[in-house]
Amino acid sequence: MNYEFKIIVFSEDADFSISLATECNKYGFLLSFIDKKEEIKEEVDINIIIVTLIDLNSKKYNPLNLCKTIKLEHSIPVFGVLDMFSKKIQEDAKKAGFDLIFTKKMLLKSIREVVIHVSNE
């Protein structure tokens with residue numbers, strides 16, 4: 001199968017990761033779970049549309065700093081996901097450079113539409 005879209009994920013939420021993998025598999029999207037920002041360069045392929053997905057509820061890393069670094073070093077879209085909507089987290093994420101912010105549930109419901117939208121950009 002020829003993949004055209006890849007999602008690079010920073011999340012330690014096992015339930016979300018399993019659900020995301022199921023949805024991505026359903027539509028044929030590539031999915032990479034990584035732990036370190038240095039691993040992104042190994043995932044970048046000029047023939048594939050790539051976005052990064054960062055869990056804004058992470059306790060393992062600073063999502064806002066991670067977004068800034070990814071945007072600066074790789075110039076790829078960065079999406080944020082959170083467990084429950086929070087106006088404060090959303091505002092902070094937008095200031096840090098996140099392109100889109102979703103609740104995890106909303107992203108899982110609309111992953112196909114999001115990918116189609118990003119692919120058309």
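How many helices and strands are there in the protein chain? There are five helices and five strands, where helices (H or I, at least four residues) and strands (E, at least two) are DSSP runs numbered from the N terminus. Read along the sequence, these elements follow the pattern β-α-β-α-β-α-β-α-β-α.

The model is predicted, so that local features need pLDDT of at least 70 and side-chain atom pairs count only at pLDDT 80 or more, while totals for chains, interfaces and linings use all residues. Residues are numbered from 1 along each chain as its sequence is written, and side-chain values use heavy atoms, with hydrogens and water left out.

**Confidence and overall form**

The mean pLDDT of the protein chain is 89, and 97% of its residues reach 70 or more; pLDDT is the predictor's confidence in each residue, from 0 to 100. Among the elements, β4 has the highest mean pLDDT, 95, and α2 the lowest, 84.

The C-alpha trace spans about 40 × 30 × 25 Å along its principal axes. The radius of gyration of the protein chain is 13 Å, which agrees with the value near 14 Å for a compact globule of 121 residues; this radius is taken over C-alpha atoms, and the globule rule is 2.2 Å times the number of residues to the power 0.38. Of the 121 residues, 44% count as buried, where buried means under 20% relative accessible area, exposed over 50%, and partly exposed in between (1.4 Å probe, protein chains only). Of the contacts (heavy atoms within 4.5 Å) with a separation of 6 or more, 68% come from residues 24 or more positions apart.

**Helices α1 and α3**

The table sets out the spans of two helices, for which the expected span is 1.5 Å times one less than the number of residues.

| Helix | Residues | Span between end C-alpha atoms | Expected span |
|---|---|---|---|
| α1 | 14-27 | 20 Å | 20 Å |
| α3 | 63-74 | 16 Å | 16 Å |

The buried residues of α1 are F16, S17, L20, E23 and C24. Seen down the axis of α1, these residues fall within an arc of 130°, so they line one face of the helix; the arc is that of the directions from the helix axis to the C-beta atoms. They pack against β1, β2 (30-33), β3, β4 and α5 (104-120), whereas the face of α1 turned away from the buried side carries the exposed residues D15, I18, N25 and K26. At the N-terminal end, D13 caps α1 with a side-chain oxygen that lies 3.2 Å from the backbone nitrogen of D15. After α1 comes G28, whose phi is positive, near 80°.

In α3, the buried residues are P63, L66, C67, T69 and I70. They cover an arc of only 165° around the axis, which puts them on the same side of α3. Their cover includes β1 (5-10), α2 (40-43), β3 (49-55), β4 (78-82) and α4 (87-96). At the start of α3, a side-chain oxygen of N62 reaches to within 2.9 Å of the backbone nitrogen of L64, and just after the helix S75 takes a positive phi of about 50°.

**A lysine in β1**

K6 has its place in strand β1 and is buried, with a relative accessible area of 9%. Not counting residues up to four places away in sequence, K6 touches L30, S32, E43, I48, I49, I50 and V51.

Key
Polar contact = N/O pair within 3.5 Å; in protein donor to acceptor, adjacent residues only side chain to side chain.
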